[in-house]
Amino acid sequence: MVRMSHTPSPRVPGQETAAPRTLSADLERTGFYPRLVADVVDDALDGAPTLAHLVHLETHFERAEVRRHVTVLALTDELLVITHVDEAPLEADPQSTTAQVSTESVPLAQIATVVLSYVFSEPAAYQPGDPVREVTLAIAWSGGQRVDMLPASCGDPNCDADHGYTGTIAQEDIVLRISAEADGPEAVSTAKHFARLLRAANAASPSGPAGGAAGAAADSPRPRLAGFGGRVRGHGGRQ
């Protein structure tokens, strides 16, 4: 489940829009310890007003037990505030539950990449405006990389030679996968919209990718982002 709110901006033809919602309302919709998560996020924001937020609830099965965790992204003038809450049984008493919380505040200028990957059904029949089946939002800021390794092969099913390993390296610090089938089409649209807002905020930050040449931007007034005239007060991972 993904929920997002943002300050209303002029509608652009062909772009998705989401109705403004408060973070408190979105957390209540998840039903995942909303008061606890709201308090944790509010503490992490330290009084800073949010420009937008994204709430992603995931459920997975571990043996015969159900595990849930929620990731909240909150965008402020200067920071991307990330809150992640897991639930787990208490070791001393498996019948009791604990909530494990982590928060991180990332300066917008420190964000290196915002990657949005798309999956479409029946690409040969694609028409403009067709819905996206799922998106994956990956954000990197610390230089951390994920390495996926697999044994290499030559394609001959009878070959037993050692071909070493092959793999991919992806730069990412947080990854959220949002599926229209599991989370709903609106969740996919709101995740795409949040990614656009984050990219714009990152580009407008004084030391961001578009922050100016020869360090001049560091001495310039912070540019205002289009569509961010009013601000919604709210609260804001892994798979």
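This section describes the overall content of a predicted model, then a three-stranded sheet with its packing helix, and finally a nonpolar surface patch.

The protein has 239 residues, of which 37% are buried. Its secondary structure comprises 4 helices and 10 strands. Along the sequence these elements follow the pattern β-α-α-β-β-β-β-β-β-β-β-β-α-α. The exposed surface of the protein amounts to about 13,400 Å², and carbon and sulfur atoms contribute 51% of that area.

Strands β6, β7 and β10 form an open sheet, arranged in the order β6-β7-β10 with antiparallel pairing. The edge positions are taken by β6 (residues 113–119) and β10 (residues 174–179); each has a single partner strand, so one side of each lacks a neighbour in the sheet. From one strand to the next, the twist averages 15°.

Strand β7 spans residues 134–140 and is joined to β10 by 6 bridges, the two strands running antiparallel. Among the residue pairs in this pairing, Ala-138 has Val-175 of β10 as its bridge partner, and Leu-137 is matched with Leu-176 of β10. The pairing of β6 with β7 is also antiparallel and involves 7 bridges. Here, Tyr-118 has Val-135 of β7 as its bridge partner. In general, the strands of a sheet pair through backbone hydrogen bonds, in either a parallel or an antiparallel arrangement.

Burial was also examined for β7. Of the 7 residues in β7, 6 are buried, and the strand is therefore largely enclosed by the rest of the structure.

The sheet is also in contact with a helix. Helix α4, formed by residues 185–204, packs on the sheet and touches β6, β7 and β10. The direction of α4 makes an angle of about 155° with that of β6.

A nonpolar patch is present on the surface of the protein. Tyr-33, Leu-36 and Val-101 make up this patch, which covers about 220 Å². Of these residues, Val-101 lies in strand β5, which extends over residues 93–107. The relative accessible area of Val-101 is 39%, so this residue is classed as partly exposed, a class that lies between the buried limit of 20% and the exposed limit of 50%.

Conventions. Residues numbered from 1 in each chain as written. Predicted model: local features only at pLDDT ≥ 70, side-chain atom pairs only at ≥ 80, totals over all residues. Heavy atoms only, no water. Pairing = 2+ DSSP bridges. Axes fitted to C-alpha atoms, helices over the stretch in contact; angles between N-to-C directions. Contact = heavy atoms within 4.5 Å. Buried < 20%, exposed > 50% of the residue type's maximum accessible area, 1.4 Å probe, protein only. Patch = residues over 30% accessible without salt bridge, like charges linked within 9 Å, V, L, I, M, F, W, Y side chains within 5 Å. Areas by Shrake-Rupley, 256 points an atom, 1.4 Å probe, with all protein chains shown as cover. Salt bridge = Lys/Arg side-chain N within 4 Å of Asp/Glu carboxyl O.
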